[in-house]
Amino acid sequence: LLTGDAHRPLTVSPGRGVAAFTVLGVEHLLGGADHLLLVLGLVFLVQGWPLVRAITAFTLGHSLTLGLATLGWVRVPGVWAEVLIAASLVGLAAELVAEHRHPQSSRIAKSPAALCAAIGLIHGLGFASALSAAGLPDDEIVPALFGFNIGLEAGQLLAVLPLALLLRWTDGRRLRPLPAT
């Protein structure tokens, strides 16, 4: 059916439809440390429904560039996409440090959906290289894009939900620094 991970070419059996690409999206997200770090980092900056909206905005952002790149309307060399993805993770790490030092200072926490959509635009370029490597026949591009995006969204929510619930249950007490004595 499908083989591959975030950095190897993928193979797709012809005619497998949306379900195969949905599985591919979940596998791609759960197999890529960079994607997991991004969505899990968001859990520490954004809580509740704003977190779900932020992750969905990330999906919408990457869906746009994924579609444009897969259709060949946008071309960015893979190395540049990887550099931009790495820069987005460095930016997220800086936000986590800033929030740790000065609570309520995170720009992502103040407008999570807009910033996550912008980050998603960058990550979509990387997703496109993985999906394009599958050698999609022209008649499978739409199901591939649809299924892959559904799988990415499902994978993101599956990765985030347990940690978000743990933080809500503990109110983050065990994850915050102890007060100075």
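Helix axes here are lines fitted to C-alpha atoms over the stretch in contact, and angles run from 0 to 180 degrees between N-to-C directions. Helices are DSSP runs (H or I, at least four residues), numbered from the N terminus. The model is predicted, so local features need pLDDT of at least 70 and side-chain atom pairs count only at pLDDT 80 or more, while totals for chains, interfaces and linings use all residues. Residues are numbered from 1 along each chain as its sequence is written, and side-chain values use heavy atoms, with hydrogens and water left out.

**View A. Helix α3 against helix α7**.
The axes of α3 and α7 come within 10 Å and cross at roughly 155°. The two helices are therefore roughly antiparallel (angles over 145 degrees). Their crossing is right-handed, that is, the near helix is turned clockwise from the far one by less than a right angle. In contact (heavy atoms within 4.5 Å), α3 offers residues including Leu-51, Phe-58, His-62 and Leu-66, which meet residues of α7 including Leu-145, Phe-148, Glu-153 and Val-160. By type, this contact holds 11 nonpolar, 8 polar and 1 charged. For these counts, Ala, Val, Leu, Ile, Met, Phe, Trp, Tyr, Cys and Pro are nonpolar, Asp, Glu, Lys and Arg are charged, and the others, Gly among them, are polar.

**View B. Helix α1 crossing helix α7**.
Here α1 (residues 17-31) and α7 (residues 141-170) have axes that come within 6 Å, with a crossing angle of roughly 40°. That makes α1 oblique to α7 (an angle outside the ranges under 35, 65 to 115 and over 145 degrees). The crossing is right-handed. Look for Phe-21, Gly-25 and Leu-29 among the α1 residues of the contact, and for Gly-147, Gly-151 and Gly-155 among those of α7. The contact divides into 14 nonpolar, 7 polar and no charged residues.

**View C. Helix α2 beside helix α4**.
Helix α2 (residues 33-45) packs with helix α4 (residues 78-101) at an angle of about 25°, their axes 10 Å apart. That makes α2 roughly parallel to α4 (under 35 degrees). The crossing of this pair is left-handed, with the near helix turned anticlockwise by less than a right angle. Contact residues include Asp-34, Leu-38 and Leu-42 of α2, and Glu-82, Leu-89 and Glu-95 of α4. Their types are 9 nonpolar, 1 polar and 4 charged.

**View D. The second largest pocket**.
A pocket is an open set of points on a 1 Å grid over the protein atoms alone, where a 1.4 Å probe fits, with protein on both sides within 12 Å along at least five of seven lines; lining residues have an atom within 4 Å of a point. This one has a volume (the space filled by probe spheres set on the points) of about 190 Å³. Its lining includes Thr-70, Arg-75, Leu-125 and Ser-132. Helix α6 gives the largest share, 4 residues.
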